[in-house]
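Visitor: Could you take me on a close look at a single part of this assembly? I would like to hear about one ligand site, and then how it sits in the wider picture.

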Amino acid sequence: MEMKAMKPMTKDNAVDIEKELNLSNGNVSKGVNSVKLSQDEVKISAKDVRVKYGEKEALFGINLDMPKGKVTSFIGPSGCGKSTFLRCLNRMNDTIDGCSVTGQIIVDEVDILSKQVDTVLLRAKIGMVFQKPNPFPKSIYDNVAYGPRLHGLATDKNELDEIVEISLEKVGLLKEVKDRLLEPGTGLSGGQQQRLCIARAIAVDPEILLMDEPCSALDPIATAKIEELIDELRGSYTIVIVTHSMQQAARVSQQTAFFHLGNLVEYGETEKIFTSPVDERTKGYITGRFG
Amino acid sequence: MEMKAMKPMTKDNAVDIEKELNLSNGNVSKGVNSVKLSQDEVKISAKDVRVKYGEKEALFGINLDMPKGKVTSFIGPSGCGKSTFLRCLNRMNDTIDGCSVTGQIIVDEVDILSKQVDTVLLRAKIGMVFQKPNPFPKSIYDNVAYGPRLHGLATDKNELDEIVEISLEKVGLLKEVKDRLLEPGTGLSGGQQQRLCIARAIAVDPEILLMDEPCSALDPIATAKIEELIDELRGSYTIVIVTHSMQQAARVSQQTAFFHLGNLVEYGETEKIFTSPVDERTKGYITGRFG
Amino acid sequence: AEARDQIRIVGSSTVYPFATAVAETFGKTTNFKTPIIESTGSGGGFKLFCAGVGEEHADITNASRAVKKSEIERCAENGVKEITEVKVGYDGIVMANSKSGKRMEITRKQIFLALAKDVPNAEGKLVANPYQKWSDIDPSLPDFKIEVLGPPPTSGTRDAFAELALEGGCKQFPDIKALKKSDKKKYKAVCHSVREDGAYIDAGENDNLIIQKLNANPDAFGVFGFSFLDQNSDTVQGSLIDGKEPLFEAIADGSYPVSRPLFFYVKNAHIGSVPGILEYLAEFTNDKAWGDEGYLTDKGLIPMPTEERAKYKAAVQALGAGS
Amino acid sequence: MTELKESMQKAHARLKKRRAAEKRFKMFGVGALAFAFLCVLMLFTSIISNGYTGFKQSYIQLDVVMDETVVDPDGSRDPAKMMFSNYNALVKTALKTKFPDVTNRRDKRKLYGLISSSAGYDLRDMVLDDPSIIGTTQTVWVMASDEVDMLIKGVFDRTQPESTRPITNDEIAWVETLEKENRVEKRFNTNFFTAGDSREPEQAGIQGALVGSALTMLVTLALSFPLGVMAAIYLEEFAPKNKFTYLVEVNINNLAAVPSIVFGLLGLAIFLNLFGMPRSAPVAGGMVLALMTLPTIIIAARAALKSIPPSIMEAAIGVGASKMQAVFHHQLPLALPGILTGTIIGMAQALGETAPLLMIGMVAFIADVPSTPFDPATVLPVQVYLWADSPERAFVEKTSAAIMVLLGFLITMNALAVLLRKKLERRW
Amino acid sequence: MQTTIFTFTVLLLALIGFYMGRARAVSSVGGDIRQLHSLPRHYGYYVSLWCGLPTLFLFILWFIFEPQIINSLVLHNVTAINDETSSAMVARILSDIKFIAANGTNVKSATPEMIAAADHYLELKKIGIACLGVAVLAFAIVGLVIGNKNIGEKLKARDQVEKAIRVLLLASSIVAILTTIGIVSSLLFEAIRFFGKVPLSEFLFGLEWSPQIALRKDQVASQGSFGAVPIFAGTMLISFIAMCVAVPVGLLSAIYMSEYATPKVRGLGKPILEILAGIPTVVYGFFAALVVAPTIRNIGEGWGLEVASESALAAGLVMGIMIIPFVSSLSDDVIRAVPQALRDGSYALGGTKSETVLQVILPAALPGIVGGIMLAISRAIGETMIVVMAAGLSANLTANPLQAVTTATVQMVTLLVGDQEFDSPKTLAAFALGLVLFCVTLCLNVIALRVVAKYREKYD
Ligand SMILES: Nc1ncnc2c1ncn2[C@@H]1O[C@H](COP(=O)(O)OP(=O)(O)OP(=O)(O)O)[C@@H](O)[C@H]1O
Ligand SMILES: Nc1ncnc2c1ncn2[C@@H]1O[C@H](COP(=O)(O)OP(=O)(O)OP(=O)(O)O)[C@@H](O)[C@H]1O
Ligand SMILES: [Mg+2]
Ligand SMILES: [Mg+2]
Ligand SMILES: O=P([O-])([O-])[O-]
C-alpha cells in the first residue's frame, strides 16, 4: 500500500478522472483482457453485452470469458454495473421493467439471452445469492426444499430429505441447525441466513453460482465462513462473485474483472490485477486513489 | 499491499479471530491509543462510552479524544459500532427506542450526555450528514434555510438569503444550482444532494460536523468532490467521519480510529495506523485479512 | 323452475304495518308460508306489480292511494289485465307537537295559510307566503315560529296531507275556489304547493324520528300517521283540526277531516297458481282482522263502516268463486 | 456550553417558545385522539343504554285449564286438527277466572291484551308435545304483551294522568295485582335470538336477519375476496403499465365513490332482470355488496403486495420459480395480513349497508329464518331500519338491541379476521 | 337441478383428468420426473383445464342462447302472434306460457292453445337439457382425451397452466370495468329519458330543486324545479363540514399514534378508531338528529343565531366522526412509511418533533394522505342516512351551515323509494343525479390521481 497515494484528492486529479471517464464513455468498451482461456475451459462467455435501463445505458458492450470450476470476481466503484452484468448471467434482469439486454452470453454452447431459452430452467442451472440474505419466511427445511420441489428433483420424501441434508452439510450449516429444521429460516443469524441462501441455491444442483456482494451485510466471522465455503465449492461449481472489498476479491477469486462506469476496464488473473494492473484507472482504484 | 495475506481465510484463522474477539468482549475496551492531545487541542472527549440496544451491548466503553479543527475517521468492519458511536456525539441515539448510552462525552467542557443538555441546541452545534443523501422534499433554498429558520438565525429575508448563499458556496454548489434554488432538492444528482445536505448542516453554523459514510452512495466523481470539500472545511470545523473505505480514510483524515465488535482497538495518526498498526486485528483488517 | 309457494307483496309503507300483521297471523294459523312483504312505497309497488304476470312478479301491492290511470295502463301493457281493488280502512293524518308545549287548535284554512307556498293577501291576490309566526296568521295561535316537520314530496302521505288539509283550507277562499272551474291546473298548483322557505321541513320517511325531534323541540309540529300518535300518546299530542281531536272514533266516523283510505290490489291471474292468495285475502277481510275490534285496529288502522267492509269482502269471495 | 456563539444565543432565546409549541402540538394530538375515543364511547353508551333492556322480556304466570272442548272438540286427538284450535280462548278463560269482575266488553279486550298473542301458540305446542295434558290445569309462564312489558320496564310512567298514558289505570291495576302475587317476572329474552321478524314487538326476533346477514356476508366474501385479490395480483404484478391499466386504476378508485344505492340499481338491472336471480335473496344481495366491496379490497391488496420486499421475489426467481409461482408461493402469503385489513374494512361497510338492498327487495317483512342463500331474507341493518320505522314503542329498545347484535357481529367478524391476520403475520 | 348434476359430472371428469394427466406424464418418462419439463401435477392441471374450460364455455353459451332459441320455437306455434304483434305483447304471451308451464292449467289465462304452447315449452326444455347433457359430456370427454394425448416429455404444461391463470387474473381485473359499464348503462338510459323532459342545461345550472311540483304532469319542468345546483352545493357543503372534522382529528390522531404514542397505545387505538367506520349509519343518523342537532340549536340560540332544527352542521359533524378512521388509519400507514432518514435529517439540524412532523414528514407523506382523504370524501359523498335524518331533504341553495341542505345521494334514495310515477321526471331525476355524480367523482379521481402522480415525481 503506497502511502503517497493517500493524500487527499485535489481538484486537478478529480478533473483528470473525469477526462478519462469521458474518454471511456465511448461506444465500445476496450478493456485490457489478459485472460486467454481454451475453448473447454470456458464456462460462460459474454460477447458485447449491452444493457439499458429505459433510455439509460448501464453497460457498454462487455466481453468476458469466465472459466469453469473457478471463482471470478467483479470489482469496481459503486454504480459501475457489476450487479447489472451479474444479473444478465441468469436473466434476472428480465424481471425489471424497461431493462433491455443485447449481445450474447454463451453458456455450454447455448446463448442464454435468446428468447427460446426457458428462464426457469436456466435459473435452476445458474443459481444466485444476493447481497442481503433473503431467506423465505418459512422453515429452514422448506427454504432448502423449495427449489427441488419446484423442479421435481425428488421423487419422494426421503430423497428430498437427503437433498436438504446434503445441501446444508455443504454450506456447513447442518450441524448448527440439525435440531431446528422446522423453525423459521428468518430466525437464524445473518451469516447463517446467508449460508442458508447458498444452500438453497445449491439444492437445485446448479452448475454456476452467482453471488452479488454476499458478505456485505455480514460481520467478519460470518464473512470468513462464507469465504471458506466459496473456496470449498470451487471446483464443483463455477462461481462469479461481486464484491466491493478488494481484500475479499483477492482472497477468494482466481480471476478478477474491474468495471468502471459501465465498462470492463481490465480483466485478468487476480494476482496480476492486484500487483501489476495495466490500466491507469485500475491502478487508481486499487491503490485507493478513488472508490 | 501484501499479496501473501490474500490467501483465503481458513477455518483455523477464523477461529483465531473468534478467540481474539472473546478476549476483547471483556468489560473494558483496552485499545491502543497513540494520540496524546493537549487540553485545548481537544474538541470532543469521550470517556467510557457504553451503548446498549435493549439488552444487546453495542459499545463496550470507548475512550477517545478528537482534536479541534481536524478530521478524525472511524474505520472497522460492518457492525462494529462506528455509526453507533458517531450518533452518540450529537445524541441522535435518543430517537431510537431502547437505546441507552452511559459514560461521558465532553464537548467544550460540557458533558453532552447529561439530561440537562438541550438536544435541540446541541444538534445545532453538532451537525450531522448521513450515509444516504436525505434532502427534504422541499426546494433547494428551503432545504438550506430549514435550520436557520428553526433556530431563528436570520432576522430578515436578506439575512436568510445570505446564509443560504454562503452555505451553498462553501460546498461548491452555488454556481451549479444558482438558477434553480426553488426547484426541489430531490431533483439533484446524488453527489449534489449529499453536498446539499452538508450545506444544510453548515447553514446553522455548527462547530462540529459528523459524517456517517457520506460517500458510500455516490459515484467516484461525486466522492472526489465531497472529499475535496471535507478537506476545505477542515480548520473551521471539527470533522468526524465514518467510512468503510480505508482508502478514503487515508485520503481525508488526520486521525484514524479502528473499531472492532464494539471496541476501540486502535487510535492514532492516520499515517501511523495505516503503515504500522500495533494491534494484530488492525493489521489484519488493514491488510485485508478480514473485513 | 319450481313453482313459487310463497305470496309476495309489495307497496306502501303506510299499509306495511297492517299487511305484515295479517301476513304473520296468516302464516301462523295456516299451513301456508308467511308472505314476504316489501316496503317499497305505493308508486314503487305499482311499478313492480305491473311489471307482468308470472313467478317473478308480485301478487299483491299495497297502496296508500287509489291506483292511477297511468298505472292501470302500464299494467295492461304488461299483461296484467285484471286486478282487484280492496280497500282496507282509513289512516288519519295528524298534526302533533310535544306534550311539553300547548295543544294547538287550528283550522284547515289556517294550516293552508301556514304551509302553502303562495297565499292570498288582504286583497285576495296571491303572494309568497309572508307568515313567519303562527300568531301572524291568527292572534289566537301561539306566538312562535312556524316549524312543521313532515314527509318529503316523494311520499304518499305528503300528497294526502296536501290534498286533504291544504286543499281543504284552500277551497275556503272563494277566489281560489272559483279558480277550480276556470283554471284547474292553477287551482291545484296553488292548493297543493308547500312552502319551501324552511317553515315546512322535509323530514324523511321515518315517523319515529319526527316524534323524537318533536320531543327535542317543543315549538315544532309534526305531520304523520295516526298510529304513531296512538303509540306515543304519552309524549306527543295531536292538534285539533277544525275543532276535531284526532281520535280513533272521530276518524272512523269521518268527522276528523284529514283521513285517507288505504288499499291493496290483487293480481287476479295469480289466484289459483300461487297457493294461499285467497286464504290471505280471507284473513285480511276477516272481522277478526279489520273489524271494529280486530287486531289491525290495535296497530292503528281505522276500520271502515260495516257495509263497506261487507262490500269488499264479497268482492274478495267472488274472486275465489270465479277461479 | 460556556462560550456560546452569538448566533446560538439567538437560538437559545427562541427555545422556550419552540418548546411551548412542541407541547401544544402534542396536546392537539392527544386531544384529537381523545375526541375520537370519546365519540366511540358516547355512541356505545347511547346504544347500550337504550338497548340493554331489549334483551329482557316480561312473563306472566297463568293457571290455564286445558279445556278439551276447546282444544280437541271432536276428541280425535288428531294433531292436524288440534293444530288450528282456538288456544287463545284458553288464555282468555284463564284471565277471566283470574279477574272475574271484568265484565264490560271493552275492558275484557283490554284484559286479554295483557298477554302476547304468542301465548296461544305456546299452549298449542305444549298440547301437541304432550296430548295427555288435555283436561288438566297447567301453570304456565306466558309472554306479556309489549305494552305491559314497557310498563314493567318503566318506560311508561305510571304516575302520569291516565289520558296521557298509552296504558289505562285498569291495566296498571291488573298488572300490579299480578306483581303482588309474584306472577310477573323479567327473563332473558331467548326468543329475541331464536325468532324471525314479527309485527308484535315481544315476539320479534333477530335470528332471521342475523342468519340473513351471515349468508349475505358469506356470498360477499366468497366473491369479493378472490376476485379482489386476483385483480390486485394482476394489476400489481403482471399488468403492463399502459393506458388500459391506468383506466382500470381510475375506475377502481371511482367505484369507491359511487353511492351504494347505485350498486342496488345495478344489481336490479343485471342480477335480477338480466340473470333472473331470485328477489330478496342473499345471493343477489351478496353479489351487489361484493361489487361494492371490491374496490376497497383491491386497493388494500395492491398496497399490501407493494410492501413485500422485492428480495423475496428475487430469491424465488433466483432458484428457478416462474413469476406466477413466486407470486402464489411467497408474495401472496406474505401480503395476506394486509389484504385481510382491507377485507375487514370493506366487509364492515358491507355489513352496515341498507340502501342497495332496497332495490333488490331485501327490505321486507320476512318471518321465516332463511337456510340457504336462495331463500328470501333480510339483513341486520335492514331489520334495524324497519324496526326504527315501526309505531310501537317497544320497537325502540328492539332497535337498539338489534344494533348491539349488529355491532357484536361486526366485532366478531373483525376479531376473527384479526386473529387470522395475527396467525398469518410472519416476521423477517 | 340437472345443471347441478352436469356441473358435478364435469368436475368429477376434471378430477379424473388430473390424475390421468399426472400419471401419463410420469409414465412418459419412465417414472423419472426430473426429465419432465414441469412438475407432474402441472400435467394434471393441464388435462383438467382441457376437460373443464371448453365445457365452461359451452355452459355459458347455453345459458345465453337456450332461452332465446326455445322462446322462438314456442312462439312459432302460437297463432295469436303474427308479424305485427308488438314486442310487449310477445313478451306477455311468453310470460303467460311460462307461468302456465310452471303452475299448471288452473291458471286464468290458460286457453287450450296456451296450454299446448306450455306443453311444447316444457317439452323443448326437456330436449334442451338432454342436449346440454350430451354436449357437456362429449366436450368434457373429448377435452380429456385431447389433453391427455398432448402430454409428453416436451409439453410445457406449467407454461400452459400459467397462461390460463393469467387470463383468469386479467378477467378479475376486468370485473371493475364491467361494473363501471353496468353502472353507467343502468343509469344512462333513464337519464337520457330525463334529459328528454328536462334540458341538460337547466338541470346543471338551474338554481331551484323542487320535485314536488313536477308530480303534477302539467307543470313539469316549465317552472325550473329541476335545477341540481342546490343539491350539489349541499353535497359539497356537508362534505366540506365533514372533512373539517375528519381531516384535523384524523390527521392529528394519526400523527400522535405514529410519532408520539407508545406501540401499545397505537396497537389499541387503531382498531378502536376503526370501529367508528363499522357502526351502522342509522345509528349515526339518530345520534345526529337527536343529540347533535338540538345541541347546536340550543347553543346557536344562546348566541342569538338563527339555527334550523335540521342543519347541515349537525349532519356534517357526525359524518365527519364517521370518516375519521378513513383519514387516521390510512394516514397512519403513510406517515410511518416516510423514511426514517428524513426524520433524522431534521433532528440532526436541531428540529423538535412537531417541527419535524409539520415541516418535513407531512409534506413528504402528502400524496398518501391525499389518497386517504379522497377515500374519505368518497364515503362522505356517498353517505345517505345521516343526512336524511339530520339535515333533511330541503334543497336550499345556501352556504350557511346552520341551515338545512340536502345531498345528491339523499335525493336519489328518496326519489327512488318514494311514491313514484312511471316516466315522471321525478323518478328519472334520480338516475340523472346518479350519472352526474358519477361523472363528477370520476373527474375528481382523475385529478387526484394526476396530482398525486405529480407529487410523487417531484418528491420521491
Ligand atoms: N432498476 C434500475 N433502473 C434504472 N437504473 C438502474 C437500475 N438498476 C441499476 N441501475 C443503474 O445502472 C447502473 C449500474 O448499476 P449496478 O447496480 O449494476 O451497479 P453496481 O456496480 O452493482 O453498484 P453497487 O456496488 O452499488 O452495487 C447504475 O448507474 C444504476 O443507477
Ligand atoms: N437500532 C438498533 N437496534 C438494535 N441494534 C442495533 C441498532 N442499530 C445498530 N444496532 C447494532 O449495534 C451494532 C453496531 O451497529 P452500527 O450501526 O454502529 O455498526 P457500524 O459499524 O456502523 O456498521 P456499518 O459499517 O454496517 O454501518 C450492530 O451489531 C448492530 O446490529
Ligand atoms: Mg450492486
Ligand atoms: Mg454504520
Ligand atoms: O309508502 P307510501 O306510498 O304509503 O307513502
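Guide: Happily; what follows is a walk around ligand 2, then a visit to ligand 1 and to the chains beyond. Please keep in mind throughout that this is a predicted model.

Let us begin with the shell itself. Around ligand 2 you will find residues of chain B, among them B:Tyr53, B:Lys56 and B:Ala58. A run from B:Ser78 through B:Gly79, B:Cys80, B:Gly81, B:Lys82 and B:Ser83 to B:Thr84 also belongs to the surroundings, and B:Ile96 and B:Glu213 complete the list. By residue class, this shell holds four nonpolar, five polar and three charged members.

Now zoom in on the side chains that reach the ligand with polar atoms. B:Thr84 places a side-chain N or O atom 2.4 Å from an oxygen atom of ligand 2. For B:Lys56, the side-chain N or O atom is 2.7 Å from an oxygen atom of the ligand. B:Tyr53 faces another kind of atom: a polar side-chain atom of this residue lies 3.4 Å from a nitrogen atom of ligand 2. As for cover, ligand 2 taken alone exposes 630 Å², and the protein buries 63% of that. Two elements of chain B, β3 (56–67) and α2 (82–88), each give two or more residues to the shell. Of the elements, α2(B) contributes the most, with three residues.

Next, turn to ligand 1, which is surrounded by residues of chain A, including A:Tyr53, A:Lys56, A:Lys82, A:Thr84 and A:Glu213. Here, too, a tyrosine comes into view: A:Tyr53 has a polar side-chain atom 3.4 Å from a nitrogen atom of ligand 1. The backbone takes part as well. An N or O atom in the backbone of A:Gly81 is 3.0 Å from an oxygen atom of ligand 1, and for a backbone N or O atom of A:Cys80 the distance to a ligand oxygen is 3.2 Å. On its own, ligand 1 has 630 Å² of accessible area, of which the protein covers 62%. In chain A, β3 (56–67) and α2 (82–88) each supply at least two residues of this shell, with α2(A) giving the most, three residues. The shell around ligand 1 is made up of four nonpolar, five polar and three charged residues.

How do the chains that hold these ligands relate to chain C? Chain B does not touch chain C, and their nearest C-alpha atoms are 49 Å apart. Chain A does not touch chain C either, with 48 Å between the nearest C-alpha atoms.

Chain C does meet chain E: 55 residues of chain C contact 43 residues of chain E. Together these two chains bury about 4100 Å², with 52% of it on carbon and sulfur atoms. C:Thr154, C:Glu196 and C:Leu209 supply 13% of the area that chain C buries there, more than any other three residues. The count between the two chains is one salt bridge: E:Arg297 pairs with C:Glu147, their closest N and O atoms being 3.3 Å apart. Several elements of chain C give two or more residues to this side, including α3 (69–77), α6 (156–170) and β9 (200–202). The largest share comes from α2(C), with five residues. In all, this side of chain C divides into 13 nonpolar, 22 polar and 20 charged residues.

One last stop on the tour: among the eight pairs of chains in contact, D and E share the most contacts.

Notes:
Residues are numbered from 1 along each chain as its sequence is written. Chains are lettered from A and ligands numbered from 1 in the order in which they are written. This is a predicted model: local features need pLDDT of at least 70, side-chain atom pairs count only at pLDDT 80 or more; totals for chains, interfaces and linings use all residues. Side-chain values use heavy atoms; hydrogens and water are left out. A residue is near a molecule or strand if one of its heavy atoms lies within 4 Å of it. A polar contact is a pair of N or O atoms within 3.5 Å; within protein, one must be able to donate a hydrogen and the other to accept it, and residues adjacent in sequence count only if both atoms are side-chain atoms. Accessible areas come from the Shrake-Rupley method with a 1.4 Å probe; for residues, only the protein chains shown count as cover. Helices (H or I, at least four residues) and strands (E, at least two) are DSSP runs, numbered from the N terminus. Ala, Val, Leu, Ile, Met, Phe, Trp, Tyr, Cys and Pro count as nonpolar, Asp, Glu, Lys and Arg as charged, and the others, Gly among them, as polar. Contact means heavy atoms within 4.5 Å. Buried area is the accessible area (1.4 Å probe) that two parts lose on being put together, summed over both. A salt bridge is a side-chain nitrogen of Lys or Arg within 4 Å of a carboxyl oxygen of Asp or Glu.
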